[in-house]
Amino acid sequence: MTGGDELAAAEATDRALREQIADLVRARTRADAEAARLGTRTARPGADPGLAPIRDRYAQQSARLGEEVEALRAQLRAHEPELERLRARDAGA
């Protein structure tokens with residue numbers, strides 16, 4: 001693989017990781033909002049008891065998504081030095 005190809009591949013990886021993180025953050029935000037909305041509904045007098053397990057599933061989903069976000073952020077942090085090295089090499093530094 002040539003230097004330009006290596007840089008292009010590294011930049012594509014960086015972009016893909018950032019896009020995945022953004023997607024997961026949006027999904028986690030939606031799960032948090034649904035859990036909060038259902039939490040409010042379950043706290044009302046006469047609330048359907050079937051809402052609590054749904055709320056709990058959204059909360060669990062949010063937690064799992066948060067773990068995935070952190071794992072991808074760790075991958076991104078590990079990848080960034082290589083990307084910067086390739087950029088510097090490509091710039092002739």
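Okay, let's start with a pair you can find right away: R18 and D14 make a salt bridge, with their closest N and O atoms 2.9 Å apart. By salt bridge I mean a side-chain nitrogen of Lys or Arg within 4 Å of a carboxyl oxygen of Asp or Glu.

Quick housekeeping. This is a predicted model, where local features need pLDDT of at least 70, side-chain atom pairs count only at pLDDT 80 or more, and totals for chains, interfaces and linings use all residues. Residues are numbered from 1 along each chain as its sequence is written, and side-chain values use heavy atoms, with hydrogens and water left out.

Back to our pair. Both R18 and D14 sit in helix α1, residues 3-42, and they are 4 residues apart, about one turn of the helix. Helices here are DSSP runs of H or I, at least four residues, numbered from the N terminus. So which of the two is buried? That's D14, at a relative accessible area of 9%, while R18 is partly exposed at 42%. The cut-offs: buried is under 20% relative accessible area, exposed is over 50%, and partly exposed is in between, using a 1.4 Å probe and protein chains only.

Next along α1, D23 bridges to R26, and there the closest N and O atoms are 2.4 Å apart. These two are 3 residues apart in the helix, again about one helical turn. D23 is partly exposed at 43%, and R26 is partly exposed at 45%.

Then there's E34 with R37, closest N and O atoms 2.7 Å apart. Both lie in α1, 3 residues apart, about one turn. E34 counts as partly exposed at 24%, and R37 does too, at 39%. Elsewhere, E11, E84 and R87 are joined into one network by salt bridges that share partners.

How many salt bridges does the structure hold? There are 10.

Now the greasy part. The largest nonpolar core has 8 residues: L17, I21, L24, A27, L65, V69, L72 and L76. The elements giving two or more residues to this core are α1 and α2, the latter being 51-91. A nonpolar core here is a set of buried Ala, Val, Leu, Ile, Met, Phe, Trp, Tyr and Cys residues joined through side-chain atoms within 4.5 Å. In soluble globular proteins, nonpolar side chains tend to be buried together.

If you want one residue to click on, try I21. What does I21 touch, leaving out residues up to four places away in sequence? The list is V69, L72, R73 and L76, where contact means heavy atoms within 4.5 Å.
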